[in-house]
Amino acid sequence: MGPSQIPPLTYKVVAECSVSKARAGLMTLRHSEVNTPVFMPVGTQGTLKGIVPDQLIELNCQILLGNTYHLGLRPGIETLKKAGGLHKFMGWPRAILTDSGGFQMVSLLQLAEIDERGVNFRSPFDNSQCMLTPEHSIQIQNAIGADIMMQLDDVVKTTTTGPRVEEAMERTIRWVDRCIEAHARDDEQSLFPIVQGGLDVPLRQRCVSALMERQVRGFAVGGLSGGESKHDFWRMVDVCTGYLPKDKPRYLMGVGFAADLVVCVALGIDMFDCVFPTRTARFGCALVDSGQLNLKQPKYKLDMEPIDKDCDCSTCKRYTRSYLHHIATNESVSSSLLSIHNVAYQLRLMRSMREAIQRDEFPKFVADFMARHFKEEPVPAWIREALSAVNIQLPADLERSDDQDQKPETEKRRETEDAADEQVASS
C-alpha cells in the first residue's frame, strides 16, 4: 500500500476501564503516532510561547495545536504554501491539529459579525476586514497542512439561552457540509465536525446524530469551558460521549485544568487542548498535583528544592524553586523554564492515566489523584457527581459537605490572568 493509500488517520482502542468510560487508544497520523488520552499544547501562531520544537520532542509531545484564524492573518496562506506547510515552516516533525477560527467568534466578538456566509472579522492588527467562511477556513487549514482540521462552527457563549443556541447548532451542521465539500486534501488531512448545542441535552443529541451521518474520522465537542457551571459542564460532556461512536477519537476543545482532565477522561474523552500551562507559566506559576505553586511568593526565596522532585523535566533537574522565585516574571527565561515544566506535567498526567487504564486501575488512580489535588480542601461536589455517573466512588474522607455550584479558584485565577495577559499584549 503506497503512502497515498494509507488513511490519514486510524484509531484503535487499546484498553478500556472496566468501571468508567475511560479508554486508552492509539491514533496514527501522517506525521506521528499519538497515544490517547492526550493533551495538546497550544502553539497559536506556529510556536509555543517559550518552548522550541526540540524541547517539545524531548518531552515526547506527539501533537500540538495551531490557530487557523491567527495563522491565516500572519503569516498567511501564500507564505505557508511557499514554506510547504506549517510543519516545515516551524520545524516541527510531529502531528498538528488546527482549530477552525470559530472560537474567535466569542473571544473577538466585538470584532466580528456572523451570518450564514460566515464570520466577518475586523483584524486586531490593522483593522482590515476578513470574511472567514467555512470554505476559507478549510483553504487556510489545507495550506497549513495540519494532520487534523476542525470545521468552522457557529460558536455562542455557553451561558446563552433561547433560539440563538439552536440556530448556532443547526448552522454548524450546515457548515460542516460546506467544509467537507471544500476539503481538497482528504487523503492527507482529517476533518473533525464539532458538536454544538449549548447546555441543551436534546440539542446536543440532535447535533451528534446529524454529524454521525457524515463520513468523518473523529469528532470534537465544542462550546464548553466558557463560563458555565461545572455541573452543566460535566453533564454535557457525558451526554456527548454517550452518543458518539466508540471507534473514533473524541476531542474536548479548550479544557486543560488537571482535575478537569481526569474527570473528562473518566467520561470518555480522548483529546484535550488549552493555553493554560504556558499562560500560567508567564505569571510565575508551576503546576503540581496539588494545584499550582506561585513561585513569586516570598516563601520560595530560600527553597532549594526543585518544583517537583518526581518530575524529570530539564527545569526540575537543573533549577531550584529559589532560583525560579528570583527570576519569575522578571526575566523572560523564567517563562520558558516554567512552560517546559508545565507542559511536562500535563503530558506526564496523561501518560499516568493511560497506564492506569491499561492496568485496569483507573478508579484507584482517580481517587489517589483527587486526594493529592484537594489536599487542603474537600473534593467539589461536581467532581463527585461526575465520577459517580461513571461508577467511580471517591472515599468518604474526600467528600464535601456543601454543594456549591461555583467556579473553582483556578478558573477565577484564569480569568484574572487572561485580562492581565490581554493588557500586556496590547501595551
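**Figure 1. Arg250, a buried arginine without a salt bridge in the predicted model**. Arg250 is buried yet forms no salt bridge, and the nearest side chain of opposite charge, that of Asp270, lies 4.8 Å away; because a salt bridge requires a side-chain nitrogen of Lys or Arg within 4 Å of a carboxyl oxygen of Asp or Glu, this pair does not qualify. The side chain of Arg250 instead reaches the backbone oxygen of Leu244, at 3.5 Å. Arg250 belongs to strand E14, which covers residues 250-252. Leaving aside residues up to four places away in sequence, Arg250 touches Arg23, Phe219, Thr241, Leu244, Pro245, Gly268, Ile269, Asp270 and Met271, a list that includes both the residue supplying the backbone oxygen and the nearest residue of opposite charge.

**Figure 2. The residues that UniProt lists as a binding site**. An unreviewed UniProt entry gives Cys311, Cys313, Cys316 and His341 under "binding site". These residues span 31 residues in sequence, yet no two of their C-alpha atoms are more than 8.1 Å apart, so they gather at one spot.

**Figure 3. Surroundings of Cys311 and Cys316, two of the residues in the UniProt record**. Cys311 lies in the loop that runs between strand E17 (291-294) and helix H12 (314-318), whereas Cys316 lies in helix H12 itself. Cys311 is buried, with a relative accessible area of 6%, and Cys316 likewise counts as buried, at 8% relative accessibility. When residues up to four places away in sequence are not counted, Cys311 touches Cys316, His341 and Arg348, while Cys316 touches Pro306, Ile307, Asp308, Cys311 and His341. The two cysteines are therefore in contact with each other, and each of them also touches His341.

**Figure 4. Helix H14, residues 332-358**. At 1.5 Å a residue, the 27 residues of helix H14 should span 39 Å, and the end C-alpha atoms are 40 Å apart, which agrees with that expectation. Of these 27 residues, 21 are buried, so helix H14 is largely enclosed by the rest of the structure. Helix H14 is followed by Asp360, whose phi is positive, near 55°.

**Figure 5. The protein chain as the setting for the close-up views**. The secondary structure of the protein chain comes to 17 helices and 17 strands, and 56% of its 427 residues count as buried. Among contacts in the protein chain with a separation of 6 or more, 68% are accounted for by residues 24 or more positions apart.

Note on methods: Residues are numbered from 1 along each chain as its sequence is written. This is a predicted model: local features need pLDDT of at least 70, side-chain atom pairs count only at pLDDT 80 or more; totals for chains, interfaces and linings use all residues. Side-chain values use heavy atoms; hydrogens and water are left out. UniProt positions are given in the numbering used here, feature names are shortened, and annotations may be inferred rather than shown by experiment. Helices (H or I, at least four residues) and strands (E, at least two) are DSSP runs, numbered from the N terminus. Buried means under 20% relative accessible area, exposed over 50%, partly exposed in between (1.4 Å probe, protein chains only). Contact means heavy atoms within 4.5 Å. The expected span of a helix is 1.5 Å times one less than its number of residues. Lys and Arg count as positive and Asp and Glu as negative; His and the chain ends are not counted. A polar contact is a pair of N or O atoms within 3.5 Å; within protein, one must be able to donate a hydrogen and the other to accept it, and residues adjacent in sequence count only if both atoms are side-chain atoms.
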